[in-house]
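Could you walk me through this structure, stop by stop, with the viewer open? I would like to know what to select and what I will find there.

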Amino acid sequence: MAQRIGRSHFVFDEWSRLRSPLHRLPPPLKLLSTLALLALTAAWPGAWRLFALAPVLILLARLPLPGLLWRAALVLPFTLTFALLTWWAGDPAHALTLLWRSYLSALWAALLMATTPLEDVLLAARRFGAPRLLVEVIQFTWRYLGVVAEQAWRMRTATLARGADRSFEISAASLAVLFSSSYARAGRIHRAMAARGAGGGA
Amino acid sequence: MHIPDGFLSTPVWAGLAAVSAPAVGVLARKAQSGLDESRVPLMGVMGAFVFAAQMINFPVGIGASGHLLGGALLAITLGPAPAAIVLTAILAIQALVFQDGGLLALGANVFNMALAGVLAAWLPYRLLAGTRARRLGIFLAGFLSVFVSACFCLGQLALSGVHMPGHVLAVAVAVFSVTAALEGAITVAVVAALERVQPGWRREAPQPGRRLLILVGLAAFLLASAGFFLASALPDGLERVAGLVGLQGREQTLFVSPFPDYEALVIANPWLRNAAAGLAGLLLTLLVCLLAGRWISRWRNA
């Protein structure tokens, strides 16, 4: 279950900085049309026809089709579980609907993120009324995700290298150290920001 | 459990988004007021910490392992409003970047984990923090944050027409209990280790006078979530009770609706009716809890 957060997690960062007609569209427009497509997919029983539209948009955006299809498949473990349960409960038609609906929806979200950098999506969300604090916390979390995750992985490696047994107490102690070092890191970040003039009298 | 898009029916996701968006707005203002600027980097780094914490495994016998989910730990260390904002930020990143949970379903996921989950963690901790049963409070915080979120999640899926056989539901509740107990145990262990590493971070104990209020709130909240889960998982139950009491035939004459067309539309669509009934019940319960809390606090102050 331990999975290293690595390059594959940041693939949208590369894709969203490519150039294409879709990448050039204004981010608020892309966010709104993604939400519209999602709502349409959720409500229209014949929305599977939109599967024809998705590859066209992906190719128009000059994105790798298999890569994006694979990315959207991340939703399938959850979907398959519940589709199987629904099938078992005697509703195979609904099970199939769940499968294509959730996969198509994941494809729309992936298309948005592959054509728009996260900071532009957040700026667009901010224009539609998302609270400033929330947007800032998302930006900080995204910025330090790789840093803290890398530290957690180094701690894990170091613990294993010292020949530690896998135990509940050691894991808890590691998390406590990671927590307090993250706390200290946040303090350093704040002082560095203040030293550069951030916040001030705001 | 992050609900992806395509699972929730339109009234359910739209209704929960309409509940969650203003709630997050209010909590953001509450988390910001009276706190200095250093809180923003802290909340952001804590969000990254929760992501990273998933890489540290907690072995639980026979080869299985789990990891921290983090809602209760955040509620205990940061307080409820900042914890809700950090969890909302995490859910947004998971939905946008990791295809873990849907964008339309974000309102539902925020409601389940960032609002209901944090509340379910904060109330028992707050209730028991100043007593000798503090560890029990921390365990209950971890347990309830996961269990309540999972029950709401299943309830919303059932409202949206994702039906599960009865015995599967029983197995699901058993699995949730194990996951929730693991989260409780991990939270207790991490908080204990944290107090050894960094003594003095502990938040102040609650004033004894408010304990009754919190207890009533916790009881009402748990009843509401259990009721929501049962009512939506067994949508026919309410109708059966109505039939037993003999209301079945008299409904039409009892309630004269100001919007007959709308009423007909709602009655004709069972899923719309279930969703509307569930959400209305939820809102009503929250309102009752709020009013009861106000009344009790005024009564105690008088």
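Here is a tour that goes from the contact between the chains to single residues. Please keep in mind that this is a predicted model.

**Stop 1: where the chains meet**

Start by selecting chains A and B and looking at the contact between them, which takes 74 residues from chain A and 61 residues from chain B. Which helices of chain A supply at least two residues each to the side that touches chain B? They are α3 (27-43), α5 (65-72), α6 (76-88), α7 (92-115), α8 (118-127), α9 (132-161) and α10 (168-195). Colour α10(A) on its own, since the largest share of that side, 19 residues, comes from α10(A). If you then colour the side of chain A that touches chain B by residue class, you will get 48 nonpolar, 17 polar and 9 charged residues.

**Stop 2: a helix crossing in chain A**

Next, select α3(A) and α8(A). Their axes come within 8 Å and cross at roughly 80 degrees, so α3(A) is roughly perpendicular to α8(A). To see the contact itself, show A:P27, A:P28 and A:L31 on α3(A), together with A:D120, A:V121, A:L123, A:A124, A:A125 and A:R127 on α8(A). By class, the residues of this contact are 7 nonpolar, no polar and 2 charged.

**Stop 3: the two domains of chain A**

Now colour chain A by its domain assignment, with domain 1 at 7-126 and domain 2 at 131-195. How many ångströms (Å) lie between the C-alpha centres of the two domains of chain A? They are 31 Å apart. The contact between these domains takes 5 residues from domain 1 and 5 residues from domain 2. On the domain 1 side, the residues divide into 3 nonpolar, no polar and 2 charged.

**Stop 4: chain B as a whole**

Switch to chain B, whose secondary structure comes to 12 helices and 2 strands. Reading from the N terminus, you will pass elements in the order α-α-β-β-α-α-α-α-α-α-α-α-α-α. Of the 302 residues in chain B, 47% are buried. A contact map is worth a look here too: among contacts in chain B with a separation of 6 or more, 79% join residues 24 or more positions apart.

**Stop 5: an enclosed helix in chain B**

Select α3(B), residues 71-78. Is this helix enclosed or exposed? In α3(B), 8 of the 8 residues are buried, so the helix is largely enclosed by the rest of the structure. Those buried residues are B:G71, B:A72, B:L73, B:L74, B:A75, B:I76, B:T77 and B:L78. To see what covers them, add helices of chain B including α2 (39-53), α4 (80-97), α5 (106-128), α6 (134-159) and α7 (166-197). Then step on to B:G79, which follows α3(B) and has a positive phi, near 95 degrees.

**Stop 6: the largest nonpolar core**

Which residues touch the most other members of the largest nonpolar core? In this core of 147 residues, they are B:I85, B:V86 and B:V190. The core also draws at least three residues from each of domain 1 (7-126) and domain 2 (131-195) of chain A. Centre the view on B:I85: leaving aside neighbours within four places in sequence, B:I85 is in contact with A:L133, A:L134, A:V137, B:L27, B:A28, B:A31 and B:M43.

**Stop 7: three single residues**

Pick A:H94 in helix α7 of chain A. A:H94 is partly exposed, with 16 other C-beta atoms within 10 Å. Apart from neighbours within four places in sequence, A:H94 is in contact with A:T86 and B:G161. Draw a distance from A:H94 to A:A83 as well: these residues are 11 apart along the chain, and their C-alpha atoms are separated by 7.8 Å.

Go next to A:R62, in the loop between α4 (53-60) and α5 of chain A. Phi of A:R62 is positive, near 55 degrees, in a residue other than glycine. A:R62 is partly exposed, with 14 other C-beta atoms within 10 Å.

Finish at B:Q99, in the loop between α4 and α5 of chain B. B:Q99 is not a glycine, yet has a positive phi of about 55 degrees. Is B:Q99 buried or exposed? With 24 C-beta neighbours inside 10 Å, B:Q99 counts as buried.

Key. Residues numbered from 1 in each chain as written. Chains lettered and ligands numbered in written order. Predicted model: local features only at pLDDT ≥ 70, side-chain atom pairs only at ≥ 80, totals over all residues. Contact = placed C-beta atoms within 7 Å. Helix = DSSP H or I, 4+ residues; strand = E, 2+ residues; numbered from the N terminus. Nonpolar A, V, L, I, M, F, W, Y, C, P; charged D, E, K, R; others polar. Axes fitted to C-alpha atoms, helices over the stretch in contact; angles between N-to-C directions. Parallel < 35°, antiparallel > 145°, perpendicular 65-115°, else oblique. Buried ≥ 20, exposed ≤ 12 C-beta atoms within 10 Å, placed from the backbone. Domains from an automatic or database assignment. Core = buried A, V, L, I, M, F, W, Y, C linked by C-beta atoms within 7 Å.
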